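Please walk through the model below with attention to its side chains. The paragraphs after it take up burial and packing, then aromatic rings, then one loop residue.

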Amino acid sequence: STLFDTIMEVFGKEVRTKRDSNIVNSKLAEEIDRIAGAKILLTEDNEINQQVAAELLRDSGFIVEIAENGQVACEMVEAAKNRDQYNLVLMDLQMPVMDGYTSSMVIRKRLTAEQLPIVAMTADAMLGIKEKCLELGMQDFISKPINPEEVFSTIVKWVNPERINKENISKSAKKENDPIVLPKIAGVEITEGLGRVGGNKKVYL
């Protein structure tokens with residue numbers, strides 16, 4: 001994505017993959033509170049990405065389960081269908097065993113978009129990727145590296161509060177005050193990096 005941004009800047013084009021790192025605004029925070037307890041299936045094969053995204057979501061009151069590839073995601077969705085159904089799937093596109101495109105098609109044969117929204121996550125900046133995701137039954141698209149405000153805005157858009165299991169609300173955990181003091185390190189953009197993990201200093205360290 002850095003190479004792509006640089007080429008686009010040289011040609012004076014709009015840089016698509018660059019986003020600000022502001023932590024969610026107050027209005028969005030209120031909307032997030034309305035869907036606290038939502039159960040999200042994070043489908044991602046990279047362990048660091050798993051940790052960052054899961055911590056970000058859990059700190060905001062969501063219940064998060066992780067699938068390391070598309071096949072596992074399909075199995076988890078099927079297993080949950082008759083009990084505590086997921087409210088949204090965050091789907092990486094490039095994964096081993098089964099990619100996000102294939103698994104989304106499998107899930108969509110079992111559950112409608114209203115029953116289970118699927119949001120793609122990818123660092124692929126090629127034109128047409130978002131359109132392909134929508135054609136295959138996904139509802140939206142998030143760029144990597146993830147921006148907290150974009151992630152939460154998208155989740156708020158697609159999670160139906162009426163479908164949230166009320167028992168999950170009591171299990172959800174909100175982020176507490178973080179007493180950690182970050183050192184200043186020359187050449188390290190700490191503010192931007194901290195924004196990428198929703199202000200969670202422990203995860204950032």
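A residue counts as buried if its relative accessible area is under 20%. The model is a predicted one. In helix H4, which spans residues 70–80, the residues that meet this cut-off are Gly70, Val72, Ala73, Cys74, Met76, Val77 and Ala80. An α-helix has 3.6 residues a turn, so residues three or four places apart point the same way. The buried residues of H4 pack against strand E1 (39–43), E2, strand E3 (88–92) and helix H5 (100–110). At the start of H4, the backbone nitrogen of Gln71 has a side-chain oxygen of Asn69 within 3.0 Å.

Next come the aromatic rings. The structure holds 1 aromatic pair. Its members are Phe62 and Phe152, with ring centres 6.4 Å apart and planes at 25°; planes under 30 degrees apart count as stacked, so this pair is stacked. Phe62 is in the loop between helix H3 (47–59) and strand E2 (63–67), while Phe152 is in helix H7 (residues 148–158), so the pair ties together parts that are 90 residues apart in sequence. Both Phe62 and Phe152 are buried.

Two tyrosine rings have a lysine over them. The charged end of Lys39 is 4.8 Å from the ring centre of Tyr86 and sits over that ring. Lys132 lies over the face of Tyr101, 4.1 Å from the ring centre.

Tyr101 also touches Gln94, a residue in the loop between E3 and H5. Setting aside residues up to four places away in sequence, Gln94 touches Asp45 as well. Gln94 and Asp45 are 49 residues apart in sequence, and their C-alpha atoms are 8.5 Å apart in space.

Note on methods. Residues numbered from 1 in each chain as written. Predicted model: local features only at pLDDT ≥ 70, side-chain atom pairs only at ≥ 80, totals over all residues. Heavy atoms only, no water. Phe/Tyr/Trp six-rings, centres within 6.5 Å; stacked < 30°, edge-to-face > 60°. Helix = DSSP H or I, 4+ residues; strand = E, 2+ residues; numbered from the N terminus. Buried < 20%, exposed > 50% of the residue type's maximum accessible area, 1.4 Å probe, protein only. Lys NZ or Arg CZ within 6 Å of the ring centre and 35° of its normal. Contact = heavy atoms within 4.5 Å. Polar contact = N/O pair within 3.5 Å; in protein donor to acceptor, adjacent residues only side chain to side chain.
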